[in-house]
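Good morning, colleagues. I should like to take a few minutes to walk through one structure with you. Please look at the sequence and the fold as they appear.

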Amino acid sequence: MGTVNSAAGTAGTPVPFLKGHGTENDFVIIPDPDGVLELPAETVARLCDRRAGIGGDGLLRVVRSAAHPEARSMAGEAEWFMDYRNADGSVAEMCGNGVRVFARYLQRAGLAGAGDLAVATRAGVRRVRLAGDGGVTVHMGAAKLPGGTETDVTVTVGERSWPALNVDMGNPHAVAFVDDLAHAGDLYTAPAVAPAAAYPEGVNVEFAVGRGPRHVALRVHERGSGETRSCGTGACAVMVAAARRDGADPAADGTPVTYTVDVPGGRLVITEHPDGGVEMTGPAVIVAEGTIDPGLLGSPRADRSNG
């Protein structure tokens, strides 16, 4: 497939979609280059439903940056905008695994080749490198620690509570180190996080354990999706939290640090550099493509000129 097809098409025309995953964090992918398709929250939730829809932890809409009001300012740097939605239809700023899958789609569609490309997201432009061996590296930007390096929030599941570190990777995270990942519970419902004022837009909660020198494992509750098999930004947040816990701070000591991060769906390798930049490397796979009955989707916008 050398060109991207418009998702809107003619009334009654099936809408193309693909399905992909990065370390089993899976996504519905809808090419909509001209930004003509309306995707209200209820439509996204229906498509992501694992029984009544296609199924996914989220949805990636592929839109030209120039065609989307939230991305036009980035069009000079990145041709394509990743319009990411959580499984419940809510809008999210960023998704690390999603960026890798998004880049893999662009490669499959003939819109990007091996090497470097730029992807616009609500958290800014992310640089991506498509390696010949199938791995994808994303420059995730710098982590921010709104409360400094002290654990400044508390995460609670049932009768257990843990101090957690507030980490911003373009979206919000609370990272708690636990003795056993089973202590996170079933993660169907969001763990309690206090103070609530620390996360006015909600939060992704990571539970992490050590596996060895510079090696950690995690489980995660993603806001709007529940427990997922992987969370790229969450893995980066855990890596930064683990590095600080272990006394490593590349910005202070000038030495990059790399951690292996195991997620339920696989393994990621994450490096923090002295300039603050965090790089994440992992797989991205397209597993299927097909068409969606247009009756399941919203109507194309009548006015496409102003978005």
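I shall speak about one strand and its neighbours, then a helix, the cysteines, the ring contacts and finally a loop. Please keep in mind that this is a predicted model.

Let me begin with strand β13, which spans residues 215-222. Of its 8 residues, 8 are buried. In a regular strand the side chains alternate between the two faces of the sheet. In β13 both faces are covered: H215, A217, R219 and H221 are buried on one side, and V216, L218, V220 and E222 are buried on the other.

Which strands does β13 pair with? With β12 the pairing is antiparallel and extends over 7 bridges. One of the bridge partners is easy to find, as G212 is matched with H215 in β13. The hairpin of β12 and β13 has 2 residues between the strands, and R214 takes a positive phi near 50° there. Strand β15, residues 257-263, runs parallel to β13 and is joined to it by 3 bridges; here A217 stands opposite D262. Strand β14, residues 226-227, is antiparallel to β13 and joined to it by 2 bridges, with H221 opposite E227. In that hairpin there are 3 residues between the strands, and G224 has a positive phi near 85°.

I turn now to helix α3, which covers residues 232-245. Its 14 residues should span 20 Å at 1.5 Å a residue, and the end C-alpha atoms are indeed 20 Å apart, so the two values agree. The helix is mostly covered, with 13 of its 14 residues buried. Just after α3, G247 takes a positive phi of about 85°.

Next, the cysteines. How many disulfides are there? The count is 0. A disulfide is a covalent bond between the sulfur atoms of two cysteines. For C95, the closest cysteine sulfur is that of C231, at 6.5 Å, and this is too far for a bond. The cut-off applied is 2.5 Å between the sulfur atoms. Both residues are nonetheless buried: C95 has a relative accessibility of 4%, and C231 has one of 3%.

Let us move to the aromatic residues. The whole structure contains 2 aromatic pairs. In one of them, F27 and Y84 meet edge-to-face, with 5.9 Å from centre to centre and 75° between the planes. F27 belongs to strand β2 and Y84 to strand β4, so this pair ties together parts that are 57 residues apart in sequence. F27 is buried at 0% relative accessible area, and Y84 is buried at 2%.

The other pair is formed by W162 and F207, again edge-to-face, at 5.6 Å centre to centre and 80° between the planes. W162 lies in β9 and F207 in β12, and the pair links parts of the chain that are 45 residues apart. Both are buried, W162 with a relative accessible area of 10% and F207 with 0%.

A further ring contact involves a charged side chain: R245 lies over the face of F177, 4.2 Å from the ring centre.

Finally, is A52 buried or exposed? This residue sits in the loop between α1 and β3, and it is exposed, with a relative accessible area of 61%. The C-alpha atoms of A52 and V269 are 35 Å apart, while the two residues are separated by 217 residues along the chain.

Thank you for your attention.

Notes
Residues numbered from 1 in each chain as written. Predicted model: local features only at pLDDT ≥ 70, side-chain atom pairs only at ≥ 80, totals over all residues. Heavy atoms only, no water. Phe/Tyr/Trp six-rings, centres within 6.5 Å; stacked < 30°, edge-to-face > 60°. Helix = DSSP H or I, 4+ residues; strand = E, 2+ residues; numbered from the N terminus. Buried < 20%, exposed > 50% of the residue type's maximum accessible area, 1.4 Å probe, protein only. Lys NZ or Arg CZ within 6 Å of the ring centre and 35° of its normal. Expected span 1.5 Å × (residues − 1). Pairing = 2+ DSSP bridges.
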